[in-house]
Amino acid sequence: PENVGILGMEIYFPKTYVAQEDLEKFDGVSAGKYTVGLGQTNMSFCGDREDIYSLSLNAVSNLLEKYNVDPHSIGRLEVGTETVIDKAKSIKTVLMDLFAASGNTSIDGIDTINACYGGTSALHNALQWIESSYWDGRNAIVVAGDIAVYEKGPARPTGGAGVVAMLIGPNAPITFESGLRGVHMENVYDFYKPDMESEYPRVDGKLSISCYLRAIDNCYGRYRNTFERKYSPSKFDLSQVDYAIFHSPYNKLVQKSFGRMLYNDFLNNPNEEKFKSLQQYASLKPEETYFNTDLEKALISLSKEDYNTKVAPSTLLAKQLGNTYCGSTYSGLLSLFNERSKDLIGKRVLTFSYGSGLSASAFSFKVRSSIEEMVQKVDLKNRLDARTRVTPEEFTSTLTLREQRHNLKDYTPSDSVNSLFPNSFYLKRVDDVGRRQYDRT
Ligand code: ACO
């Protein structure tokens, strides 16, 4: 198969959001801490009518409907998430309901879990299936997303919610650059969820940031190696990249991460004229610079112009929804498509995906033909505008309600279904043995 990649995309996000400027006041932190310090604008969240099953049902059913997908044309469907509500049953099995009427039960794939990286692993599985001897000519669907919630405290404003669904197949307008990938994985406890009785993670914020930046260094360098092998004698640095997309826990880290890529270019070619202002940092060990604020400032300033053209267009959804964990990187693709739909043909997009614990990779894709129809179908701007801004008080009491409802059996959710977008799946009831039933608004 030729030109394997993304044939169509869709995202589902909750109708409700809280504004970060309201949260700053409510939390009593200094004005600008969340909006400038973290670089975030709004944060999506859901009540007890929504869970990862309903969010995924919405993302996939919208994808099938908007792109008029023949259910028999799908041979693989897998889900990347870290929002786990059942220790055995995969979300994928729930999504089989959407194919029941067609009679197509021959759909391979299950769930993949590792913090924010499951979606990328699922995507890579789908691409590799299509390139393998097991491929039978059908397309794949990859679902990537989460409900990201933190306990009260400094991490809470870095939550979010949303699920992306991607239709993957040959002859796609968006094609992955085969063979180009830089991977980094290690064992670390930066963010993890050992508490089955709680939806909240344990997180060591500072450690997670240093892990993220170390993963950039490794993935970027290894991506460069694969690039220079494939396109020898071409050299790789950021000038080969038209756009860059990052997993976005919060926007400030994305700004720093793009600067970090420039730092890697500098280490690789320290004598280039454009790096004159960085010479004083040449002798530092990279692993000792994760929190070097002078270096950070120098890199952010040197990469600022490129950041605005190459990175900013992909940050729209992550700033509006917050961290959608597995969905974050792919909300970046949708944002870029939405913001630059007319300027993407022939362009290379470098993508960095990170999941705590940790697993990460850098890879790239190119846009081959027009994606304007896709952008119209997704209709981001109108859907974002149709959301409802709620108060931090309501946001906080909703998260308290989710805490109380977590793991509960034999209950009917109490949130109003009027707070959902029309035509959405929602949780109707959880029975006395934990089986979930859904309905549609
Ligand atoms: N105006 C402007 N900027 C401000 C203001 C203000 N009033 N107040 C603070 N800031 C800046 C700080 O200087 C800091 O900037 P810097 O990062 O450039 O130094 C930034 O805002 C954040 O402030 P901190 O005091 O560092 O924030 P805090 O330690 O309270 O929390 C953290 C931040 C650690 C990111 C926390 O939100 C967290 O733990 N989040 C979850 C972990 C996470 O997202 N990790 C990323 C990778 S792993 C993953 O994806 C889950």
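Here are legends for five close-ups of this predicted model.

**View 1. The open three-stranded sheet, with a helix lying across part of it.** The strand order here is E3-E2-E14, and the pairing is mixed. Strands E3 (42–44) and E14 (388–390) are the edge strands: each has a single partner, so one side of each is left without a neighbour in the sheet. Going from one strand to the next, the twist averages 40°. Take a look at the E2–E3 pair: E2 (residues 16–19) runs antiparallel to E3, and three bridges join them. One pairing to pick out is Val18 with its bridge partner Met43 in E3. Helix H1 (residues 20–27) lies across E2 and E3, at about 60° to E2.

**View 2. The residues that UniProt lists as "binding site".** The record, an unreviewed entry, names Ser208, Lys252 and Lys256. These residues span 49 residues in sequence, but no two of their C-alpha atoms are more than 14.0 Å apart, so they gather at one spot. Start with Ser208, which sits in helix H7 (residues 205–230). Is Ser208 buried or exposed? It counts as buried, because 23 C-beta neighbours fall inside 10 Å and the cut-off for buried is 20 or more. Leaving out residues up to four places away in sequence, Ser208 touches Asp190, Phe191, Val203 and Ser356. Now for Lys252, which belongs to helix H8 (residues 251–268). Lys252 has 17 other C-beta atoms within 10 Å, so it comes out as partly exposed. With the residues up to four places away in sequence set aside, the contacts of Lys252 are Gly37, Leu38 and Gly39.

**View 3. The shell of residues around the ligand.** There are 22 residues around the ligand, and Gly32, Gly37, Pro154, Gly205 and Pro249 come nearest. Which helices each supply at least two residues of this shell? They are H2 (33–37), H7 and H8. H7 gives the most, with four residues. Sorted by class, the shell has twelve nonpolar, eight polar and two charged residues. Two of the helices in this view also turned up in View 2: H7 holds Ser208, and H8 holds Lys252.

**View 4. Ala360 and its surroundings in strand E13.** Strand E13 covers residues 359–367, and Ala360 is part of it. Ala360 counts as buried, because there are 26 C-beta neighbours inside 10 Å. What does Ala360 touch, not counting residues up to four places away in sequence? The contacts are Tyr117, His184, Ala215, Cys219, Ser353, Tyr354 and Gly355. His184 is the one to zoom in on: Ala360 and His184 are 176 residues apart in sequence, yet 5.3 Å apart in space, C-alpha to C-alpha.

**View 5. The hairpin of E15 and E16.** Strand E15 (residues 425–430) and strand E16 (residues 436–440) pair in the antiparallel sense, with five bridges between them. To find your way along the pair, use Leu427, whose bridge partner in E16 is Tyr438. Then follow the chain into the turn: five residues lie between the strands. Which residue takes a positive phi in this hairpin? That's Gly434, with a phi near 90°. One general point helps when reading the strands: in a regular strand, side chains alternate between the two faces of the sheet.

Definitions and conventions
Residues are numbered from 1 along each chain as its sequence is written. This is a predicted model: local features need pLDDT of at least 70, side-chain atom pairs count only at pLDDT 80 or more; totals for chains, interfaces and linings use all residues. Two strands pair if DSSP finds at least two bridges between them. Axes are lines fitted to C-alpha atoms, for helices over the stretch in contact, and angles run from 0 to 180 degrees between N-to-C directions. Two residues are in contact if their C-beta atoms, placed from the backbone, lie within 7 Å. UniProt positions are given in the numbering used here, feature names are shortened, and annotations may be inferred rather than shown by experiment. A residue is buried if 20 or more other C-beta atoms lie within 10 Å of its own, exposed if 12 or fewer, and partly exposed in between; C-beta atoms are placed from the backbone. A residue is near a molecule or strand if its C-beta atom, placed from the backbone, lies within 6 Å of it. Ala, Val, Leu, Ile, Met, Phe, Trp, Tyr, Cys and Pro count as nonpolar, Asp, Glu, Lys and Arg as charged, and the others, Gly among them, as polar.
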